[in-house]
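User: I'm new to this structure and would like a close look at one part of it. Could you walk me through the largest pocket, and then show me what else is worth a glance?

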Amino acid sequence: AGKAAPFFQTKELEVTSLALDNSGNLYAGTVPHGIVFKVGPDGKGSKVFTAQEKYVTALAYNTAQDEMFVATGRVYSLGGRRIRVVSPASVMTGFDGAGHPVAAIVAVSPIQAAPPSQALFTSPEANILSIATDKQGNIYAGSGPNGIIYKIAPDGKSSVLYDTPEPNVSALATDSLGNVYAGTSTTGTVYRIAPDGTAKRLLGRSMPGIQCLKTDANDAVYA
């Protein structure tokens, strides 16, 4: 068996999410200060994003566009969770649902000028708990406490892909055929949702909750 050893110390209370970019850098979302860290293959890391919200609930990396999607949430009851875009080679400003700037992303490459930014998605739900992307550039967001899966198209238009009968969509993944896989809690159910929104339950109520999902090159699903 391999030996486990600390790779990077965030000094935050919890690491809630991880994602890798095209260059092998690891991104870690944390609480309770809403910080995203970028850690190189050598284990050296730094802060690349600090949200006004205190929780980073999910991360997802878009390999085609070289973007990191960050779901953040307020610790008070004003507004829903939001998805922000982190561009590894730029400075960007996040916006709230009313279009007001709320948080800045520290430049990874300070030489490059800041491109325009916009609110990517604001959910009416209390929480966005999971994010996944597909090869077409669509983003999928799983929510709670009503278990809704949202689809955000590359042009920014959002729609409900599937309204699950579960309270929380805690994990999402996609495959090469455009299917979306959703893991739920507290029931531990896994659904496969076709591009047309048709859903099939693959795993039913087998454990308290599904915390992560992953598909491989052969479209096998791991939960």
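**The largest pocket and its surroundings**

Analyst: Let's start in the middle: I131, A132, L172, L213 and K214 are the residues nearest the centre of the largest pocket, which has 41 lining residues in total. Keep in mind that this is a predicted model. The volume of the pocket comes out at about 1200 Å³.

Who builds the lining? Strand 5 gives the most, with six residues. Strand 1, strand 11, strand 15 (168-174) and strand 19 (214-215) are also among the strands that supply at least two residues each. As for character, the lining splits into 19 nonpolar residues, 16 polar ones and six charged ones.

Now for the largest nonpolar core, a set of 13 residues. I131, which we met at the pocket, turns up here too, listed with F121, I139, A141, Y150 and I152 as having the most contacts inside the core. Strand 5 (55-62), strand 6 (67-73), strand 11 (127-133), strand 12 (139-144) and strand 13 (148-152) each give two or more residues to this core. Of these, strand 13 gives the most, with three.

Y150 is a good one to click on. Beyond its neighbours within four places in sequence, Y150 is in contact with a long list of residues, including F121, I139 and A141 from the core, plus S123, P124, E125 and S159.

Just past strand 12, have a look at the backbone. G144 and P145 are joined by a cis peptide bond, with omega about 15 degrees, and P145 sits in the loop between strand 12 and strand 13. Another cis peptide bond links V31 to P32, again with omega about 15 degrees. P32 belongs to the loop between strand 2 (26-31) and strand 3 (35-39).

Finally, swing over to the segment before strand 1 (14-20), where T10 lies. T10 counts as buried because its relative accessibility is 11%, and the cut-off for buried is under 20%. Its side chain reaches the backbone nitrogen of E12 at 3.0 Å. Setting aside neighbours within four places in sequence, T10 touches V15, T30 and F37.

K11 is in that segment before strand 1 as well, but K11 is exposed, at 73% relative accessible area. K11 also has a positive phi, near 65 degrees, without being a glycine. D219 is another non-glycine with a positive phi, about 65 degrees; look for D219 in the loop between strand 19 and strand 20 (221-222).

How values were computed: Residues numbered from 1 in each chain as written. Predicted model: local features only at pLDDT ≥ 70, side-chain atom pairs only at ≥ 80, totals over all residues. Heavy atoms only, no water. Helix = DSSP H or I, 4+ residues; strand = E, 2+ residues; numbered from the N terminus. Buried < 20%, exposed > 50% of the residue type's maximum accessible area, 1.4 Å probe, protein only. Polar contact = N/O pair within 3.5 Å; in protein donor to acceptor, adjacent residues only side chain to side chain. Contact = heavy atoms within 4.5 Å. Core = buried A, V, L, I, M, F, W, Y, C linked by side-chain atoms within 4.5 Å. 1 Å grid on protein atoms, 1.4 Å probe; cavity = no way out; pocket = protein on both sides within 12 Å on 5 of 7 lines; lining within 4 Å. Points joined across faces, edges and corners; volume = space filled by probe spheres on them. Nonpolar A, V, L, I, M, F, W, Y, C, P; charged D, E, K, R; others polar.
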